[in-house]
Amino acid sequence: MSRELYAGLMSGTSLDGVDAVLLDLAGPRPEVLGHTHRPFAPALRAELLALNAGAQDELGRAALCANHLAREYAAAVSDLLAGASIGRLALRAIGCHGQTIRHRPEAGYTLQIGNGALLAELTGVRVVADFRSRDVAAGGQGAPLAPAFHAQIFSSRAEHRIVLNLGGMANVTSLPAGGAVAGFDTGPGNCLMDLWAQEHLGAPRDEDGTWAAGAPADDALLAALLGEPYFRLPPPKSTGRDQFNRPWLERKLRAGLDAQVVQATLLELTAQSVAQAIRRHFADTRRLIVCGGGVRNGTLMARLAGLLQPIPVESSARHGLDPAHVEAAAFAWLAAQALGGHPGNLPAVTGARGPRVLGAIYPP
Ligand SMILES: Nc1ncnc2c1ncn2[C@@H]1O[C@H](COP(=O)(O)OP(=O)(O)O)[C@@H](O)[C@H]1O
Ligand SMILES: [Mg+2]
């Protein structure tokens, strides 16, 4: 059988690195033929964080950072092709999300950097990049964009399912049996837990949520965090580090709180904000399918399962797609949509005026 091969590149809000997936779209169901993860060096992560917050000479620094990212992305594609023993000519396109350094749809823009031109030059492969801008131009949030792909992979004719992506931020996709797909960003996923672990453990993350599991959450802090108006906004809505960041957390903290208690509270914030969103908007759901790095936080997964009982909470792996592959695969699929002239957004999710073909195409 002939193959239709695409590479998808996702580097999300966590700033942990880039996930690259090789996807075959020839069959009735997309098939992952390979995956690689390239962690970002601490200096690149620090620069991206600085650019997100606003920095001196940020235009020049963002341009250099975009070039650095393009080289990382090209290396990931090269690893991916080598691992699958496939030449670059077999690839129809690379779908590259890029790195979000600002997300302000209410102000009319969202900014993902990565230099698609350089990525095309380095790989010799057609690149589709800058997926979110067109949706924002059409009045949408530009996010989340994975729901159309989630619908392809995880829908069931028998039951209402929710897909939850636990990345730096968390987003849900509602897949009613035969009904209209909905979805939005619920708020923070791992990003606040990560930054607190980095600050207090000197580790990139709280492995498996073990540190958080060793202390009780603080009720007053949790109430202050959950009091953030974003959680009560009706969809369509999307968010990012622009909103949920270190200064935001600082404003809610009171003196004398134990660092481990804060970590437990941040885990509880993610779990409760997700559970609340599901109960409020999708009360009749029968199953929660989880993807993203947060699946590997056993404490968080167990807490979610506890809050959502009796709804089963499962890794996407149980439904045929590794949790670390899902979002990168979505951008491979979105690249194919763009090349085929098909829309990638779901207006009911993003709030755009209509379906739009997403992305800018850089020929090989
Ligand atoms: N073993 C683990 N224990 C706890 N958290 C983990 C583990 N592995 C990954 N994570 C979390 O997942 C995040 C990466 O998830 P990812 O889906 O790549 O998010 P993003 O798309 O925002 O980069 C890490 O920053 C970390 O918080
Ligand atoms: Mg990541």
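The sulfur of Cys-291 sits 16 Å from the closest cysteine sulfur, that of Cys-191, which is too far for a bond. A disulfide here is a pair of cysteine sulfur atoms within 2.5 Å, and by this rule the count comes to 0 disulfides. Cys-96 is likewise in no disulfide, the nearest cysteine sulfur being that of Cys-65, 13 Å away. As for exposure, Cys-291 is buried, with a relative accessible area of 0%, and Cys-96 counts as buried at 4%. Buried means under 20% relative accessible area, exposed over 50%, and partly exposed anything in between, using a 1.4 Å probe and protein chains only.

All of this comes from a predicted model, in which local features need pLDDT of at least 70 and side-chain atom pairs count only at pLDDT 80 or more, while totals for chains, interfaces and linings use all residues. Residues are numbered from 1 along each chain as its sequence is written, chains are lettered from A and ligands numbered from 1 in the order in which they are written, and side-chain values use heavy atoms, with hydrogens and water left out.

Now for the chain as a whole. It holds 13 helices and 13 strands, taken as DSSP runs numbered from the N terminus (helices are H or I with at least four residues, strands are E with at least two). Of its 364 residues, 55% count as buried. The radius of gyration, taken over C-alpha atoms, is compared with a globule rule of 2.2 Å times the number of residues to the power 0.38; the chain has 19 Å, which agrees with the value near 21 Å for a compact globule of 364 residues. Along the principal axes, the C-alpha atoms fill a box of roughly 60 × 50 × 40 Å. With contact meaning heavy atoms within 4.5 Å, residues 24 or more positions apart account for 68% of the contacts with a separation of 6 or more.

Strand E9 (residues 169–175) is mostly covered, with 7 of its 7 residues buried. In a regular strand the side chains alternate between the two faces of the sheet. In E9 both faces are covered: Met-169, Asn-171, Thr-173 and Leu-175 are buried on one side, and Ala-170, Val-172 and Ser-174 on the other. Strands pair if DSSP finds at least two bridges between them. E9 is joined by 6 bridges to the antiparallel strand E8 (residues 161–166), and these two form a hairpin with 2 residues between them. Another 6 bridges join E9 to E10 (residues 182–188), again antiparallel, with Ala-170 partnering Gly-187. This second hairpin has 6 residues between its strands, and Gly-178 takes a positive phi near 75°.

Asn-171 of E9 stands opposite Asn-165. Asn-171 is buried at 7% relative accessible area. Leaving aside residues up to four places away in sequence, its contacts include Pro-144, His-150, Val-163, Phe-184 and Asp-185.

Helix H1 (residues 42–53) has 12 residues and reaches 17 Å from its first C-alpha to its last, close to the expected 16 Å, which is 1.5 Å times one less than the number of residues. Leu-44, Leu-48, Leu-51 and Asn-52 are its buried residues. Seen down the axis, they fall within an arc of 105°, so they line one face of the helix; the arc is that of the directions from the helix axis to the C-beta atoms. These buried residues pack against helix H2 (58–83), strand E5 (99–104) and strand E6 (109–113). On the other side of H1, Pro-42, Ala-43 and Ala-53 are exposed. Just after the helix, Gly-54 takes a positive phi of about 105°.
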